[in-house]
Amino acid sequence: MIVRPATEADAEALAAIYGDAVLHGFGTFEEEPPSAADMDARRRAIAERGLPYVVAEQDGQVLGFAYAAPFRLRAAYRYTLEDSVYVAPDAAGKGVGRAMLAAVIEACEALGVRQLMAVIGDSGNSASIGLHRSLGFEQTGVGRSVGFKHGRWVDIVHMQKPLNGGDSQEPTGAGVKLSGH
């Protein structure tokens with residue numbers, strides 16, 4: 001398995017993997033699967049900010065994708081990003097998510113990011129919570145019943161990992177370019 005930057009050629013695979021999560025899971029609160037073109041536009045928007053967007057591939061098949069995006073768009077959040085990880089159902093439990101998230105963390109550290117956030121859909125999502133915990137994230141809170149999907153209320157779990165010394169000192173560098181004031 002290799003982890004590499006996602007490209008336009010991955011759009012169909014991204015749409016298939018994410019579409020499954022939309023239709024059958026709680027990891028995203030979207031309810032309509034986006035098209036391959038929409039997924040590629042989202043990928044490009046992340047890449048144009050200089051942020052990591054990776055896929056795991058084995059024998060020419062994309063097994064999952066992960067990326068880091070702005071946590072919020074206000075300027076003071078410029079040293080904080082939020083990760084997202086999606087794994088194809090038949091690749092779950094095989095280390096795909098771990099390999100991709102580790103690559104995203106490494107890229108975020110290289111960018112000078114100070115905090116990496118995870119907002120995990122469904123407090124029962126033990127796979128994602130466990131993945132994040134295994135890579136040094138700590139749970140910082142739970143938003144109870146903030147989404148309604150597939151006929152039930154769904155929580156979100158907030159997890160956080162400090163990078164580059166976290167808040168132990170003032171940041172260096174400009175941070176991520178954000179559009180908010």
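User: Before turning to the helix pairs of this predicted model, how are the axes defined, and at what angle do those of H1 and helix H2 cross?

Analyst: Axes are lines fitted to C-alpha atoms, for helices over the stretch in contact, and angles run from 0 to 180 degrees between N-to-C directions. In this predicted model, the axes of H1 and helix H2 (residues 36-48) come within 8 Å and cross at roughly 105°. Angles of 65 to 115 degrees count as roughly perpendicular, so H1 is roughly perpendicular to H2.

User: Which residues make the contact of H1 with H2?

Analyst: On the H1 side they are Ala11, Glu12, Leu14, Ala15 and Tyr18, and on the H2 side Ala36, Met39, Asp40, Arg42 and Arg43. By residue class, the contact of H1 with H2 has 6 nonpolar, no polar and 4 charged residues.

User: How should the crossing of H3 and H4 be read?

Analyst: The axes of helix H3 (residues 96-110) and helix H4 (residues 126-134) come within 10 Å, with a crossing of roughly 45°. H3 and H4 are therefore oblique to each other. As to handedness, H3 passes H4 in a right-handed crossing. Gly97, Arg98 and Leu101 of H3 make the contact with Leu131, His132 and Ser134 of H4. The residues of this contact of H3 with H4 comprise 2 nonpolar, 3 polar and 1 charged.

User: Which residues have the most contacts inside the largest nonpolar core?

Analyst: A nonpolar core joins buried residues through side-chain atoms within 4.5 Å. The largest one here has 47 residues, and Tyr53, Phe65, Leu81 and Cys108 have the most contacts inside it. Leaving aside neighbours within four places in sequence, Tyr53 is in contact with residues including Leu14, Met39, Arg42, Arg43 and Phe65. Leu14 also belongs to the H1 side of the contact with H2, while Met39, Arg42 and Arg43 belong to the H2 side.

User: Is Asp10 buried or exposed?

Analyst: Buried means under 20% relative accessible area. Asp10 has 4% relative accessibility and therefore counts as buried. Asp10 is placed in the loop between strand S1 (2-5) and helix H1 (11-24). Apart from neighbours within four places in sequence, its contacts are Arg4, Pro5, Val55 and Val62. Arg4 and Pro5 are also in contact with Tyr53.

User: Where is Tyr79, and which residues does it touch beyond its sequence neighbours?

Analyst: Tyr79 sits in the loop between strand S3 (61-70) and strand S4 (80-87). With a relative accessible area of 13%, Tyr79 is buried. Leaving aside neighbours within four places in sequence, Tyr79 is in contact with Gly112, Val113, Arg114 and Gln115, and also with Pro171, Thr172, Gly173, Ala174 and Gly175. Separation in sequence and in space can be stated together for one pair: Tyr79 and Ala91 are 12 residues apart in sequence and 32 Å apart in space, C-alpha to C-alpha.

User: What is phi of Asp122, and what is phi of Ser145?

Analyst: Phi of Asp122 is near 85°, a positive value in a residue other than glycine. Asp122 lies in the loop between strand S5 (115-121) and H4, and is buried, with a relative accessible area of 11%. Ser145, which is not a glycine, has a positive phi of about 50°. Ser145 is in strand S6 (residues 138-149). At 39% relative accessibility, Ser145 counts as partly exposed.

Note on methods: Residues are numbered from 1 along each chain as its sequence is written. This is a predicted model: local features need pLDDT of at least 70, side-chain atom pairs count only at pLDDT 80 or more; totals for chains, interfaces and linings use all residues. Side-chain values use heavy atoms; hydrogens and water are left out. Helices (H or I, at least four residues) and strands (E, at least two) are DSSP runs, numbered from the N terminus. Angles under 35 degrees count as roughly parallel, over 145 as roughly antiparallel, 65 to 115 as roughly perpendicular and the rest as oblique. A crossing is left-handed if the near helix is turned anticlockwise from the far one by less than a right angle, and right-handed if clockwise. Contact means heavy atoms within 4.5 Å. Ala, Val, Leu, Ile, Met, Phe, Trp, Tyr, Cys and Pro count as nonpolar, Asp, Glu, Lys and Arg as charged, and the others, Gly among them, as polar. Buried means under 20% relative accessible area, exposed over 50%, partly exposed in between (1.4 Å probe, protein chains only).
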